[in-house]
Amino acid sequence: MAWQPSGENLKTLAQCLKDSLSAFNKAAQKQAEIMLNQAKASPDINNYLALIISSSEPPQDFPATAADWHLVRCAAALMLKNNIKNNYDKIPEQSLALVKLAVPLGLQDKNSQIRSHAGTLATELINKGGIYGWPEFLPELLKTLTNESGHVTPEAQEGAMAAMAKICEDNAKMLEREHNGQRPINFLLPKLIQATRSTVPKVRAHALTAINVFTPRKSQAMLNSIDDLLQHLFALAEDPSIDVRKQVCRAFVNLVETRPDKLLPHIEGLAKYIIAQQKGSDEDLATEAAEFWLTVGEHDNLWRALEPYITDIIPVLLECMVYSPEDIALLGGASDDEDEEDREEDIKPQFAKKKLTRAANGNTAADMAKNGNAFEKVASMEEDDDDLEDGEIDDSESEGDENPDEKWTLRKCSAAALDVFARDFGGPVFTSILPYLQSNLKHADWSYREAAVLALGAVAEGCMDVVVPHLPELVPYLVSLLDDEEPVVRQITCWTLGRYSAWAVGLVDQAEKERYFLPMMDGILKKMLDKNKNVQEAGASAMANLEEKAGKALEPYCGPIIQQYIRCFGKYKDKNMWVLYDCVQTLAEHIGPVLARPELSNQLMPVLLDRWQKVGDESRELFPLLECLSYVAMALGDAFTPYAEPIFARCIRIIHQNLEQAMKAKTNTDLDQPDEDFLVTSLDLLSAIIQALDNDKASKLVANVQQTFFELMALCMGDQSDAVQQSAYALLGDCAKYVFEQLKPFLPNIMPVVIKRLDMDTILDEEVENSFSVVNNACWSVGEIALQYKAGMAPFVPQLLQRCVDILSNPRVPGGVSENAAIALGRLGLDNAELVAPHLGSFAEEFLDTMDDVDPSEEKATALRGFTEIVTRNPQAMESVLLHYFATIANYQELSLQKPVLLELHEAFQNVINVYKQIIPGFGNFLMQMEAKDLELLQRLFAL
C-alpha cells in the first residue's frame, strides 16, 4: 500500500522546522530542536521531509509566508541530507524511493536554492548507494539537462546540470570505474561536451565544471574526446558569461599536465587569450587565467614554448601584482595592533609539517618547506581537502571579505608565475622587470613600492646571478624599507630580504659581512617585534629562512638571536607564536649541539617550558610546540635530560587521550574524531627524546612506563591515519636502536602488526603515496630490530622475507623504500642466514641492484655482511649474478678497516671469495670477465 501522509504530522513537522530557525523565540527554538531529534526515530520522518522539499506551497491552514515556507523547505533539505549521510543503511527502501521521487522535482523548482539542495541530496544518495543503486537517475538527468523533449524549462536544465556537476565532483573515480564491461564516463563525457552548447549560460558553466573534474585525469574517455573538447573550448573562449570563461581557463590549465601535446600547436593563440583574460576587470577570472602561466612555467617542457611571449606576459604579471583598491580597503590601512588579542578565526589551521621519514643512510629526511612564501596558497586550499577525490571541489571554501593576505589572489598567483618564469628563463626576466623596479621601488604610492619589492623577491631564486651585481645597492635600500610607514611594505620587505639572505650569508670578506649581512639580520630580528602583527610574522618567517641559509655561520650570533626570541615569547599573541616556534626549531636544527651550551639553553628552555605549561592538551598550539621541542631535544642531546621526564609523560598522556577519544567517536557519531596531529607530534617528540638522551637514561625513562608506552605505540601502528602510522614506525625503529631491552618483551605481539603493514596487496592505488611513507619506516624499523633481536627474529623470517622480496621486485615502489627493504633483508641474514639462504635466487639480483644506489654507511655495511652470510650458505644460487656481486664487493669504498663493522664486513667478503675459489675451477680466469677497474680493486683489497 502506498504511503499516505498525515496532514497533522506534516504541519507539526513543518512548524518544528520553522521554529528551529527562529532567532527571536529561543524557547520555541529549543523545543523545536528537541522534537526534531525525537522525530528522527520515526520510520516516516524522511518521507515527510521529502514531501516538504518537493512542495512549492505550504500545507493548507499552515501559517507561513512564502519566505517562511522557503526556509522550512531548506531546513528540511538539510535535515534529510544529514539523515542520508549518517543513517543511510537504516532508511527503509520505501522511504528511499520517495526521496528519489522528490529529488527530480526539487531540481526543477523555480527557486535556485531549492534546486541546489536537491542536487546535494542527489549527490549524497549516490555517495551512499552508488551510481548503480539508482541506475535510472543519471539517464533521466541527462535528458533533462540536454532538453531532450524540448519542453524543459531553463531553470530545470540548470538544476539538472548543477546536480550533474556535483555528482561528478564527488564520484569521479566511480564514474571512471568499469562495471559490467562499461565505464559511465565513456557515455557521460560526450554528453557533457554537447551541453556546453546550451543556450542557458549557467548550464554551459556547470557543464564545463563537470568536465573539469576529468580534464586533470588521464582516462580513456578524455583521450577519445580531447579533440572534440578543444573545439568546444575554443568556441567558448569569447563566451559572454564570465563563469564560462573561468571554466575555459581552468580547462586549459588542467590540460597543460594531461595533454600538453594538444596545446602546443595553439600556444600563440592561448598566450594572447590568457593575457586578455588576465587584463579583464573580473579578478576571479583573471586569477584563473594567471594560473595558466604558473602551470605552464612548472611543466617540464611546455614552458619553452612561451619564450617568444615573455616580454608580453611579464608586464601583465607586474601590473597584477599591485594591490587593488578593494584589497587596500580590506587591509584597513596602517595600524599598530601588537597589543590586540588574536581572534580564533584569525589563526589559520596548522598541520604538523615535518613527517619524519627514515632514510637508508641512517639520516632523517624531512620536508623543510618554510612559511616564508609571500605567494603561497593558504593552508585551507592545499591541506584541508585531503578527504576529497582527485578533481573534487570543496564546497566549503569561503567567499567574501577575507583579508587579501590570507587567501590566494591574482596578486599572489602573478607573483608565483613571475617566480617560476625567473627559474625557467633566468636573466632575461630580470632584464624585463628592471625598468619597473627602477620606476617603482621608490614610488610615492606605497602600493607600487610594495609591488616592486614583491617582484624583486619573486625573481630571487631564478635570477640571483644577474641580480647579485645590484645587491650592494639594493640590500641597504631594502633594509631602510623595514622602517617604511606602511606595514604592508615592511612585511613584504622582510620576505624579500629573506630570499636574498643566501647572498649576504655567503660573503667571505668580513667588512662586507658587517656592511650587508649584519644589518640585514639585525633589521629582520627587529621587525620580529614590530608594532604590527603581520610584520612580526613576516620578520619571523624571514628569520627562519635566513637561519636555513646561514646554518652554522649563525653560531657567533646565537646569543642575541635567542634573546630576541625570548622577547618575542613575552610579546606575541597566539597567531604569531606558531611561526616563532618555527624560528626556534630551525635554529636548533642548523646549529645543533651549539644550543646545548648552558648560556644558550638556560635562556631558551625556561620560555619554552613556560609555554609548555600554559598550552592545554587540546590546544592546536601543541602541534608546533611539540614539533619545536623535538628539534630542540635533538640539538641539546643529553643536556635535555632535566626536562625529559615530565615532557615524556605528557606526550604519553596526550596519545592515550586521543586514542580514547577516537574510539568513542567511532561508536558515537555526535563526537568529533580528534586531530591526528596530536598523535603525530607526540610520537615524534617521544622519538626525539629517546634519540637525544644517553641510552641508559632513555631506557630508564621508557622502563617507568613500559607497558603503557608500547601498547600505545602498537595501537598507533594500526591507526587509520598513514601520518600516525609513519611516526609510530619511526618510534618503533628508534626504540630498537636505543632502548631495545625495554622493547624486546613486546616484539612477539608487535612483529605480526609490522608484517601485516608490509603487505603490498593492502595498499590501494589512491593511497599509494602516503602508504609508501609508512612502508618505508616499517622496513627501516625491521632492519633496526633485526640488528638487535638476532636469532629472536627466526619465527618471523619467512613472512618478512616474502614481504621484502615483494617490495624489491615491485617497480612502483620508490627507491628509498626499496633501499630500506634491501637493508632489512640483508640484516635478516646476520643471525638467520640458514633460513633465508634457500630463497637466495629469488631476490639476489634485485638486492644487488638496489644496494648499488645506497651510499656507504653502517646500514649498508651490515646489510651486505648479512647478505654475504646468506651467500656463504647457498653459493650456487648466485650463478647468474656472481660477477655483479664481486663488483659490489670491489666497489665498497669504505673499507678503511677502522670500525669493527667494516672489519667484520671485510672478513665476510674474504670468506665468501674463499668459498668461490674452492668451488669454481679456474677461478682466476672466471674473474677476468669482470671490468678491468673492478678486477683491479678486488685484487688490491682481497687475497685472491
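Where is Ser-198 placed? I looked this up first and found Ser-198 in the loop between α10 and α11 (201-214), where helices (H or I, at least four residues) and strands (E, at least two) are DSSP runs numbered from the N terminus.

**Basis of the entries**

I am working with a predicted model, in which local features need pLDDT of at least 70 and side-chain atom pairs count only at pLDDT 80 or more, while totals for chains, interfaces and linings use all residues. Residues are numbered from 1 along each chain as its sequence is written, and side-chain values use heavy atoms, with hydrogens and water left out.

**Entry: Ser-198**

I checked the accessibility of Ser-198 and noted a relative accessible area of 13%, so Ser-198 is buried (buried is under 20% relative accessible area, exposed is over 50% and partly exposed is in between, with a 1.4 Å probe and protein chains only). I then listed what Ser-198 touches when residues up to four places away in sequence are not counted, and the list holds Gln-157, Val-203 and Arg-204, with contact taken as heavy atoms within 4.5 Å. I also found that the side chain of Ser-198 reaches the backbone nitrogen of Val-200 at 3.0 Å. A polar contact is here a pair of N or O atoms within 3.5 Å; within protein, one must be able to donate a hydrogen and the other to accept it, and residues adjacent in sequence count only if both atoms are side-chain atoms.

**Entry: Thr-409**

I looked at another loop residue, Thr-409, which is found between α19 (379-382) and α20 (410-425). Its relative accessibility is 4%, so I entered Thr-409 as buried, and I noted that a polar atom of the Thr-409 side chain lies 3.2 Å from the backbone nitrogen of Lys-412.

**Entry: helix pairs**

Two packed helices are described by the angle between their axes and the distance between the axes. The axes are lines fitted to C-alpha atoms, for helices over the stretch in contact, and the angles run from 0 to 180 degrees between N-to-C directions.

I began with helix α8 (residues 154-170) and helix α10 (residues 184-195), which pack at an angle of about 140 degrees with their axes 13 Å apart. That angle makes α8 oblique to α10, since angles under 35 degrees count as roughly parallel, over 145 as roughly antiparallel, 65 to 115 as roughly perpendicular and the rest as oblique. I recorded that α8 passes α10 in a left-handed crossing (left-handed if the near helix is turned anticlockwise from the far one by less than a right angle, right-handed if clockwise). On the α8 side I found Met-161, Met-164 and Cys-168, which meet Leu-188, Leu-192 and Ala-195 in α10. The residues of this contact of α8 with α10 divide into six nonpolar, no polar and no charged, where Ala, Val, Leu, Ile, Met, Phe, Trp, Tyr, Cys and Pro count as nonpolar, Asp, Glu, Lys and Arg as charged, and the others, Gly among them, as polar.

I went on to α11 and helix α12 (residues 220-236), which pack at an angle of about 145 degrees with their axes 12 Å apart, and α11 passes α12 in a left-handed crossing. From α11 the contact is made by Arg-204, Leu-208, Ile-211 and Phe-214, and from α12 by Met-222, Leu-229, Leu-233 and Leu-236. By class I entered seven nonpolar, no polar and one charged residues for the contact of α11 with α12.

Helix α32 (residues 622-636) and helix α33 (residues 641-667) pack at an angle of about 145 degrees, with axes 13 Å apart, and α32 passes α33 in a left-handed crossing. I found Leu-622, Leu-626, Leu-629 and Leu-636 in α32 meeting Tyr-643, Ile-647, Arg-650, Cys-651 and Ile-654 in α33. The contact of α32 with α33 divides into eight nonpolar, no polar and one charged.

**Entry: positive phi**

Most residues other than glycine have a negative phi. I therefore noted Asp-61, whose phi is near 70 degrees, a positive value, and which counts as exposed at 66% relative accessibility; Asp-61 sits in the loop between α3 (45-54) and α4 (66-87). Asn-180, in the loop between α9 (172-176) and α10, has a positive phi near 50 degrees and counts as exposed at 71% relative accessibility.

**Entry: C-alpha separations**

I looked up Asn-87 in helix α4, and its C-alpha atom is separated by 9.7 Å from that of Lys-128, 41 residues apart along the chain.
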